[in-house]
Amino acid sequence: MRLTVNGDINEYYVQTLCLLFFPASKFSKSDASADETPEAIVNVDFDGEKATATVKLSAKGKSVTKVYSEQSNEKYSDYTLKRIACGKAFFAAGKALLGVTPQWGILTGVRPAKLALKGLYSGHTKAEVKSQMTKEYLVSSKKAALVTDIASVEKKIVSKLGKDTCSVYISIPFCPSRCSYCSFVSFTSSKLLSLIDDYMDKLCIDIKQIFDEIKSLGLTVSTVYIGGGTPTTLDAKQLEKLLNVVNSCTDTSLLEEFTLEAGRPDTITAEKLVVIKNGGVTRVSVNPQTLNPAVLEIIGRHHTVDDFFRAYELVKNSGIKHINTDLIAGLPSEGFRSFSETVDKIIDLRPDNITVHTLCIKSAADFANRAGDICNTFSETTKCVDYAQLACKNAGYIPYYIYRQKNTVDNLENVGFALSGAEGRYNIYMMEEVHSIFSVGAGAVSKLVSRSGGKIERIFDYKYPYEYLSDKESEKRQNKFRTIEEFYKQNT
Ligand SMILES: C[S@@+](CC[C@H](N)C(=O)[O-])C[C@H]1O[C@@H](n2cnc3c(N)ncnc32)[C@H](O)[C@@H]1O
Ligand code: SF4
């Protein structure tokens with residue numbers, strides 16, 4: 001997409017507005033050569049009394065220009081006024097040109113519930129927060145209701161969280177094979193899989209060190225999350241070693257939640273589940289993504305529908321307290337009928353959590369070059385997500401956490417549903433940034449959150465296992481601990 005931005009407005013913000021109407025676009029500067037590429041020309045001005053934005057959008061041989069002004073007021077800074085004017089002019093232009101009304105309006109961040117929670121914490125009622133979302137951010141009333149419902153569930157849970165708490169994330173970035181839609185940090189080549197034993201040795205040292213650091217900061221660990229990739233790529237022995245180390249660092253029976261994101265049914269065995277249960281894990285994922293065999297084949301999941309039911313049954317009989325199942329709406333060649341059947345079959349199983357994702361098209365994913373086919377639907381996937389959300393609610397599931405990603409089909413969200421009392425706590429704490437998450441392993445990102453929540457700092461570990469195992473890592477690790485200590489010195 002060709003893009004020209006004039007005036008004091010962050011170009012990245014304007015790009016996120018473009019993505020509302022032209023998903024998965026790459027951006028270049030406008031030039032004189034008018035071709036078929038969609039184009040946006042954005043001008044933003046502030047005259048001391050009002051911010052005015054003019055947005056000209058062109059695509060498929062048509063052009064539309066919209067102007068919007070936002071009057072100065074006490075509530076917003078001059079820059080925020082410019083953002084609002086720009087967002088509203090862009091929204092009006094996109095809607096007029098393409099006949100599409102993005103349901104999240106001009107709310108472009110990944111954490112919509114954080115905004116709603118802020119409103120609830122400042123004493124506004126759910127109705128007032130909902131009205132702010134629809135009026136100021138042009139969010140549809142359906143999505144505004146969803147996000148305020150989620151925020152009020154989160155508020156109840158977060159209000160019980162102790163002051164000096166934190167969570168720990170442990171990264172196992174390995175999978176037996178790569179699913180075609182996935183761009184999570186995860187490694188499948190035999191060369192990298194052969195590093196697993198060395199990786200586990202180093203990871204165990206890091207786990208001990210991070211728990212020691214947490215103790216010396218006077219913090220209590222609320223939740224531990226072992227994620228991936230696919231942690232059950234590890235064999236039973238490797239899993240036992242990992243869980244023994246966690247148990248030597250903390251009394252896992254006192255944790256609010258201990259998750260191990262198994263995920264791929266083809267990696268789940270009865271032997272591993274005994275180790276996982278004995279290791280104190282209270283929540284495990286078994287993910288079908290879809291129960292349509294043809295779609296499973298297309299996305300390269302390397303497991304069958306029967307494998308999913310077999311793995312689910314094993315976990316159900318293992319005595320592990322909570323089961324999560326992940327689904328993805330908008331997978332290639334999956335229509336409404338097939339997806340809604342998957343949703344119904346999963347609800348029949350009554351897992352404690354059902355997480356409904358919307359396909360996210362990331363440039364790293366294998367089929368990113370098919371973005372054009374997938375993104376222009378603006379209907380079928382919306383129907384799938386609407387159906388899943390309604391069916392879950394009707395079956396007694398509560399929406400308890402939400403996040404958005406760029407470049408999702410129809411610009412839709414990911415929502416976690418839970419039976420009452422079985423909400424995935426780590427997901428809430430991590431998404432709403434209510435306390436620090438100390439992460440270890442390749443691809444791990446630690447997030448330090450000040451007590452007031454006002455300050456957040458991220459620390460990135462090396463992405464690749466071979467970098468994580470290299471000599472350079474010890475310097476990086478020292479910096480990591482220095483940053484943690486400095487952050488806590490300044491923010492307590
Ligand atoms: C970190 S992945 C790990 C899950 C586990 N390895 C598995 O495959 O079952 C967590 C979840 O993110 C979701 N996911 C991954 N890539 C996605 C994408 N491109 N779009 C939407 N959801 C995606 C899937 O539902 C997946 O189960
Ligand atoms: S979806 Fe899961 S199994 Fe598939 S590549 Fe991504 S992390 Fe690995």
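This section describes the domains, a sheet with its helices, and the ligand surroundings of a predicted model.

Residues are numbered from 1 along each chain as its sequence is written, chains are lettered from A and ligands numbered from 1 in the order in which they are written. Because the model is predicted, local features need pLDDT of at least 70 and side-chain atom pairs count only at pLDDT 80 or more, whereas totals for chains, interfaces and linings use all residues.

The protein chain is divided into domain 1 (1-100) and domain 2 (157-440), with bounds taken from an automatic or database domain assignment, and the C-alpha centres of the two domains lie 37 Å apart.

An open sheet of 5 strands follows the order S2-S1-S3-S4-S5 with mixed pairing, where strands are DSSP runs (E, at least two residues; helices are H or I, at least four), numbered from the N terminus, and two strands pair if DSSP finds at least two bridges between them. Strand S2 (28-29) and strand S5 (62-71) stand at the edges, each with a single partner strand, so one side of each is left without a neighbour in the sheet. Strand S1 (residues 2-6) runs parallel to S2 and is joined to it by 2 bridges; the bridge partner of Arg2 in S2 is Ser28.

Around ligand 1, of 19 residues, Gly263, Asn287, Asp326, His357 and Cys360 come nearest, a residue being near a molecule if its C-beta atom, placed from the backbone, lies within 6 Å of it. Strand S8 (257-263) and strand S10 (322-329) are the elements that give two or more residues to this shell. The residues around ligand 2 include Cys175, Cys179, Cys182, Gly263 and Arg264.
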